[in-house]
Each structure stands twice: as structure tokens, then as C-alpha cells.
Amino acid sequence: KMTVYARMNSYLKGEITNYEIEYRLLCKNNTYKWILSHGKIISRDELGIPIRFIGTHKDISDRKEKELLLIHERYLVDSLLKYTSESIYFKDLDNRFIRVNDFVAHIIDCECSQIIGKTDFDFYTKEFAEITFSQEQEIIRTGETLIIEEKGIRKDGKYIWSLTNKMPLRDVDNNIIGTFGISIDI
């Protein structure tokens, strides 16, 4: 990482095209604040050497605190998805997988990345996929949760049997944007 002075000097020498940097600043009361600094050369001498430079400093401590909290929350969710022995999946309005955990990939017998963008029709028999599609479309339509014992057959003939909790997936404005589910292999 570049220090504040190193970044400013690089800008003044013309090595970088803009001066903007975030850094922590020690305050007089011995606490730290996050600062966002912007600067701009406004005039140069006849040799092109900067002679006037203006800048602003903005306290972005609240924003940085929220960013760190978001990083921590994402870590917790990612840990849950990675280490749980339940299948957890998220689907869009067209019942296409948008995120799955490792256990879903284990049950389907492929990599997580091979599941994203596909539907149950790609992995299970048509009969079972039609049932899950219908259930999930009903959840999207009504917003109601469904708890069900599911027996299905993968395309390779392997049976699955699980207790599944299917719920509406909502955005920050509470609009339904798909479904998500948690299944326990029974």
C-alpha cells in the first residue's frame, strides 16, 4: 500500500493521474478516524512544476465501519454455507440456482459453479423437477413458506430423500425475487 505522502508525491510528479486516498488518522484524543483525501493541482510554473494544490479531507469512519461489518457478515454467511451439512440454495424467479452451498453440490454430484444458472430439470427427473418448479412458483406467488418431505430421483437414477424448508427470497424492499431452501438429508 502506498502512504499518503508517497501517493501525493507520485501525483505531483505526474506518475499517477489523480490524487485520492483513504487512510486512518490519529486524532488528538488518541482515537482513529478514517479519512478520504482528494487533491488537485490548480497551477504550475513555467517549467510545469506544481505550485498550487488544493484538497479536501472527509471523515469516512462511519462508511468504513459499515464496510467492515459487511465483510464480517459475509464471512459468517460464507462459513455457514461452506461448513453446514444441510443443503442451502437460492433461486431466482425462474427457479434458476443463483447460489448453492457445497452440500448441494455434493448431493447433485458436481461443482457449485456447474449448478449456477441451471434448474432442477438439469439434475433431476422431469417428474420431480416439475413438482419442485410448481412448489417454488407457488411460494413466489403467495409468499408462503413450505415445509415438505421430498423424495426425488436424480437423472443418474440415484434417489434423494430430504426434509426441506422452502421460503420466499426477498430483496431489501421486501419484494419477492425468488426462493431459497434448506434441506436435511433423511
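Contact, on this tour, means heavy atoms within 4.5 Å. Keep that in mind as you click around, and remember that what you have open is a predicted model.

**Stop 1: helix α4**

Select residues 126-142, which form helix α4. Which strands does α4 lie across? They are β4, β6, β7 (159-170) and β8 (176-185), and α4 runs at about 160 degrees to β6. Count along the helix and you get 17 residues, reaching 24 Å from the first C-alpha to the last. That is close to the 24 Å expected at 1.5 Å a residue.

Now colour F128, A129, T132, Q135, E136, I139 and I140: these residues of α4 are buried. Turn the view until you look straight down the axis of α4. The buried residues fall within an arc of 140 degrees, so they line one face of the helix. Here's the background: an α-helix has 3.6 residues a turn, so residues three or four places apart point the same way. What covers that buried set? The cover includes β4, β6, β7 and β8.

Spin α4 around to the face turned away from its buried side. There you'll find K126, E127 and R141, which are exposed. Then step just past the helix to G143, which follows α4 and has a positive phi, near 80 degrees.

**Stop 2: the sheet of five strands**

Hide the helix for a moment and show the strands behind it. What order do the strands of this open sheet take? Reading across, it goes β5-β4-β8-β7-β6, with antiparallel pairing. Select β5 (97-100) and β6 (146-153) to see the edges: each has a single partner strand, so one side of each is left without a neighbour in the sheet. Look at the sheet from the end to see the twist; neighbouring strands are turned by 30 degrees against each other on average, direction ignored.

Zoom in on β4 (residues 87-92) alongside β5. How many bridges join them? There are three, and these two strands run antiparallel. For a pair to click on, try Y89, which stands opposite V100 in β5.

**Stop 3: K91**

Stay in strand β4 and select K91. Is K91 buried or exposed? Its relative accessibility is 1%, and anything under 20% is called buried, so K91 counts as buried. Show its side chain together with that of D120: a polar contact of 2.8 Å joins the two.

Next, light up what surrounds K91. Leaving aside neighbours within four places in sequence, K91 is in contact with R96, F97, I98, D120, E136, L169, I177, G178 and T179. You've already met one of these, E136, among the buried residues of α4.

**Stop 4: the sheet of three strands**

Move over to the other open sheet, with three strands in the order β1-β2-β3 and antiparallel pairing. The strands at its edges are β1 and β3 (50-59), and each of them pairs on one side only. Neighbouring strands here are turned by 30 degrees against each other on average, direction ignored.

Which helices pack on this sheet? Select residues 4-12 for helix α1, which touches β1, β2 and β3 and makes about 160 degrees with the direction of β1. Then select residues 61-83 for helix α2, which also touches β1, β2 and β3, with its direction at about 125 degrees to that of β2.

Now pick out β1 (residues 19-26) and β2 (residues 32-44). Eight bridges join these antiparallel strands. Two pairs to find: Y23 stands opposite I35 in β2, and L26 has Y32 as its bridge partner.

**Stop 5: two residues with a positive phi**

Follow β1 into the hairpin it makes with β2, where five residues sit between the strands. Select N30, which lies in this loop. Its phi is positive, about 70 degrees, although N30 is not a glycine. Is N30 buried or exposed? With a relative accessible area of 60%, N30 is exposed.

For the last click, go to D109, in the loop between α3 (102-108) and α4. D109 is another residue other than glycine with a positive phi, near 70 degrees. With a relative accessible area of 57%, D109 is exposed.

Methods: Residues numbered from 1 in each chain as written. Heavy atoms only, no water. Pairing = 2+ DSSP bridges. Helix = DSSP H or I, 4+ residues; strand = E, 2+ residues; numbered from the N terminus. Axes fitted to C-alpha atoms, helices over the stretch in contact; angles between N-to-C directions. Expected span 1.5 Å × (residues − 1). Buried < 20%, exposed > 50% of the residue type's maximum accessible area, 1.4 Å probe, protein only. Arc of directions from axis to C-beta. Polar contact = N/O pair within 3.5 Å; in protein donor to acceptor, adjacent residues only side chain to side chain.
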